[in-house]
Amino acid sequence: MTAAMSTRAAGLQPFLVMEVLERAQELERQGRPIIHLEVGEPDFATPRAVCEAAHAALDAGLTHYTHSMGTLRLREAIAARYARLHGVEISPDRVLVTGGSSLAMLYAFGAMVEPGDEVIAATPHYPCYPNFIRFFGGRMVEVPSDPHDGYRLDPDAVRSAITPRTRLILLNSPSNPTGAVLEPDRMRALCELGLPIVSDEIYHGLTYGEPATTALRFRPDAVVVDGFSKRYAMTGWRLGYLIAPSFMMRTFQTMQQNLFISPNAFVQEAAMAALEEGDDDTARMRETYGRRRDLMVGLFRELGFAIPAMPQGAFYVLADASRYTDDSLAFAFELLECANVAVAPGVDFGEAARRAIRLCYAASDDAIREAANRVREYLACRG
Ligand SMILES: Cc1ncc(COP(=O)(O)O)c(C=O)c1O
């Protein structure tokens with residue numbers, strides 16, 4: 001007898017960016033020279049100090065389980081970072097170290113969302129959010145963010161979307177895919193709507209104007225998910241963390257003990273080095289990303305893609321492709337097959353971005369220029 005899939009698992013939607021990446025890799029195996037602007041990860045190597053710390057940890061035999069919540073040293077270092085950068089005091093007991101911010105999100109929604117609950121979030125949005133929420137029987141209520149307001153979430157629009165079923169508000173600043181950064185006043189207004197807050201701060205450290213504000217500044221009881229993937233170029237190390245109010249921590253600890261046991265021992269040592277020595281590397285990467293952002297926005301605007309607002313953070317440009325298509329998924333595969341350029345289809349980020357493509361500028365200047373050339377040539381002969 002074959003096992004049926006649970007409706008919970010079968011109800012998940014594919015992460016389309018990964019589908020484009022996987023097809024791009026297949027084409028590369030056939031010898032095609034693909035330029036990757038689809039996947040959302042730094043093209044920089046992980047800082048040397050981080051790699052050296054991991055080597056040293058392996059040599060020292062740190063290859064076993066740690067405390068389920070993560071090493072105290074790392075939790076203290078994470079708490080100290082919030083005090084230093086944001087002036088917010090959090091106890092290390094309120095930090096849970098996880099396998100990437102993705103796992104932190106799984107725990108947060110798993111602990112907070114009941115079947116039938118609604119979670120309010122801006123759209124265009126990170127593709128996995130509705131799937132996380134759906135996995136626990138909830139529903140994401142999408143509040144459109146206005147491109148002409150820099151795609152920043154409007155507190156009044158959020159207020160209008162609140163119903164008796166609303167369980168929490170999910171924030172993401174800087175945002176994937178729009179690059180929107182919530183300025184402190186707006187962050188405060190959203191935090192003051194009175195509902196529980198989950199704040200995905202994974203792109204903190206990657207802003208091109210003012211630094212991003214943590215929700216913890218205005219809501220000490222916010223649940224923050226963050227990690228090492230983006231600002232320290234550590235996507236493959238799979239380390240993140242969750243910060244939550246004390247009363248939730250025992251539940252999160254129990255979840256981690258059962259579902260994951262503990263985060264990787266030697267990766268936590270590497271993360272210590274990232275916190276202690278990685279910020280200069282982040283600053284260098286940020287400077288380069290900022291330049292590439294300007295390059296990419298300029299080149300793709302010339303090609304007829306509308307980019308109403310300059311992204312202020314993360315490393316993405318959401319470019320309106322409605323001049324060329326009303327089906328971004330087909331268009332993304334078309335650019336891949338015909339122009340050897342991999343981009344993310346906007347529809348992955350919600351219906352509001354159905355006619356857009358997301359371009360990641362964590363790619364070299366040459367790659368960005370060459371991608372724009374290829375797209376130009378292809379669109380010219382496509383007619
Ligand atoms: C908005 C957002 N949140 C969370 C994640 C997950 O990151 P990780 O699990 O590597 O920490 C990503 C990855 O692209 C993201 O864009």
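These questions and replies cover the ligand site and Glu-118 in a predicted model.

In this model, local features need pLDDT of at least 70, side-chain atom pairs count only at pLDDT 80 or more, and totals for chains, interfaces and linings use all residues. Residues are numbered from 1 along each chain as its sequence is written, and side-chain values use heavy atoms, with hydrogens and water left out.

Me: Why is Glu-118 called buried?
Reply: Its relative accessible area is 9%. Buried means under 20%, exposed over 50% and partly exposed in between, with a 1.4 Å probe and protein chains only. Glu-118 therefore counts as buried.

Me: What makes the pairing of Glu-118 and Thr-163 a polar contact?
Reply: The side chains are joined at 2.7 Å. A polar contact is a pair of N or O atoms within 3.5 Å; within protein, one must be able to donate a hydrogen and the other to accept it, and residues adjacent in sequence count only if both atoms are side-chain atoms. The side chain of Arg-139 also makes a polar contact with that of Glu-118, at 3.1 Å.

Me: Which distances link the ligand to Tyr-203 and Arg-238?
Reply: A ligand oxygen is 2.7 Å from a side-chain N or O atom of Tyr-203. For a polar side-chain atom of Arg-238, the distance to a ligand oxygen is 2.8 Å. Ser-102 has a polar side-chain atom 2.6 Å from a ligand oxygen.

Me: Which helix gives the most to the shell around the ligand?
Reply: Helix 5, residues 100-112, with 4 residues. Helices are DSSP runs (H or I, at least four residues), numbered from the N terminus.

Conventions:
Helix = DSSP H or I, 4+ residues; strand = E, 2+ residues; numbered from the N terminus.
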